[in-house]
Amino acid sequence: MNTGYRKLLETLNAQCQQAASGVLHLYTVQNHYGRIGLVCGEINHVSLHTARSMTALPLLLNAAISSHRFEAGAGLPPMNDLLDTPDILAMLGCKELQPQTPPPAVAAVPEWQPPAPALAAAPQRQSVSAIELGIIEAELYRELGPMASSLVQECLPHADSALTLATALADQLMPSSGESYLARVTTLLRAVNTW
């Protein structure tokens with residue numbers, strides 16, 4: 001494993017563990033450009049030179065990396081056919097970076113206590129998945145640039161689904177931009193069959 005590739009894996013592994021969102025930009029010694037997109041620590045996009053998604057992973061594994069940098073808060077469109085993040089990290093060799101440690105000690109089981117009386121049951125909210133959030137934020141970035149992330153975070157607590165979040169964000173834009181944004185997001189969300 002060359003030094004540049006090892007440093008890339010260390011950065012990728014750290015960003016995943018910190019549940020970071022952004023884009024890891026990389027260059028090979030052949031001056032090929034690649035990107036790895038993260039949303040809340042989950043890998044949602046991988047590309048290297050002209051290869052994308054799963055076809056880019058073997059190329060990345062054998063690449064001699066000359067430099068890389070992480071751009072926090074940036075977004076890329078999600079790729080549906082990627083493996084889960086732990087599988088991608090294992091495929092790229094991140095397990096080789098971590099020293100073998102003994103398993104953690106088993107914690108003592110707390111003594112049983114009767115459940116507390118239930119207060120008025122709050123309605124269960126449908127959460128917005130990381131993939132949905134990545135789509136919504138990436139498309140809003142096309143309209144607003146870096147302001148997109150803060151606007152999404154402002155509207156997220158009030159949304160009970162990806163569609164209501166996208167609608168609330170579209171209402172914040174100029175009418176023609178809002179309609180275009182909502183149409184793009186709706187199409188992308190349907191494509192990933194998330195709602």
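**Exercise: the aromatic pair**

Decide whether Y33 is buried, partly exposed or exposed in this structure, and then classify the aromatic pair in which Y33 takes part.

*Solution.* The relative accessible area of Y33 is 31%. Buried means under 20% and exposed means over 50%, so Y33 is partly exposed. This value, like those that follow, is computed from a predicted model.

The next step is to find the partner. There is 1 aromatic pair in the structure, and it is formed by Y27 and Y33. The ring centres are 5.2 Å apart and the planes meet at 40°. Planes under 30 degrees apart would count as stacked and those over 60 as edge-to-face, so the pair, at 40°, is tilted. The partner, Y27, is likewise partly exposed, with a relative accessible area of 37%.

**Exercise: the sheet**

In which order do the strands of the open sheet lie, and which strands form its edges? Trace the pairing from one strand to the next.

*Solution.* Begin with strand 1 (residues 22–28), which runs antiparallel to strand 2 and is joined to it by 6 bridges. One bridge pairs L26 with G34 of strand 2. Between these two strands the hairpin has 4 residues, and N31 there adopts a positive phi near 65°.

Strand 2 (residues 33–39) has 5 of its 7 residues buried, and is thus mostly covered. On to strand 3 (residues 42–48): 6 bridges link strand 2 to strand 3, again in the antiparallel sense. R35 stands opposite S47 of strand 3. This hairpin has 2 residues between its strands, and C40 has a positive phi near 55°.

S47 also has R52 of strand 4 as a bridge partner. Strand 3 and strand 4 pair antiparallel over 2 bridges. The complete open sheet holds 5 strands in the order 4-3-2-1-5, with antiparallel pairing. Strand 4 (51–52) and strand 5 (65–72) are the edges, since each pairs on one side only.

**Exercise: the loop before strand 5**

Where does A64 lie, and with which residues is A64 in contact beyond its neighbours within four places in sequence?

*Solution.* A64 belongs to the loop between helix 2 (56–61) and strand 5. Its relative accessibility is 24%, which makes A64 partly exposed. Apart from neighbours within four places in sequence, the contacts of A64 are N2, Y27, T28 and V29. Y27 is also a member of the aromatic pair with Y33. A64 and H32 are 32 residues apart in sequence, while their C-alpha atoms are 10.0 Å apart in space.

**Exercise: two helices and their spans**

What span is expected for helix 4 and for helix 7 at 1.5 Å a residue, and which residues of each are buried?

*Solution.* Helix 4 (130–144) has 15 residues, so a span of 21 Å is expected; its end C-alpha atoms are 20 Å apart, which agrees. Helix 7 (residues 175–191) has 17 residues and an expected span of 24 Å, and its end C-alpha atoms lie 24 Å apart, again in agreement.

The buried residues of helix 4 are E132, L133, G134, I135, I136, E137, A138, E139 and L140. Their cover includes strand 2, helix 5 (147–155), helix 6 and helix 7. Just after helix 4, G145 takes a positive phi of about 75°. In helix 7, the buried residues are G178, Y181, R184, V185, T186 and L189; these pack against helix 4 and helix 6 (162–171).

**Exercise: a contact between helices**

With which side chain does the side chain of E139 make a polar contact? Is E139 buried or exposed?

*Solution.* E139 lies in helix 4, and its relative accessible area is 9%, so E139 is buried. Its side chain makes a polar contact of 2.5 Å with the side chain of R184, one of the buried residues of helix 7. Beyond neighbours within four places in sequence, the contacts of E139 are Y181, R184, V185 and L188.

**Exercise: cysteines**

How many disulfides are counted, and are C16 and C155 buried or exposed?

*Solution.* A disulfide requires two cysteine sulfur atoms within 2.5 Å; by this rule the count is 0. C16 is buried at 13% relative accessibility, and C155 is buried at 11%.

Terms used:
Residues are numbered from 1 along each chain as its sequence is written. This is a predicted model: local features need pLDDT of at least 70, side-chain atom pairs count only at pLDDT 80 or more; totals for chains, interfaces and linings use all residues. Side-chain values use heavy atoms; hydrogens and water are left out. Rings of Phe, Tyr and Trp (its six-membered ring) pair if their centres lie within 6.5 Å; planes under 30 degrees apart count as stacked, over 60 as edge-to-face and the rest as tilted. Buried means under 20% relative accessible area, exposed over 50%, partly exposed in between (1.4 Å probe, protein chains only). The expected span of a helix is 1.5 Å times one less than its number of residues. Contact means heavy atoms within 4.5 Å. A polar contact is a pair of N or O atoms within 3.5 Å; within protein, one must be able to donate a hydrogen and the other to accept it, and residues adjacent in sequence count only if both atoms are side-chain atoms. Two strands pair if DSSP finds at least two bridges between them.
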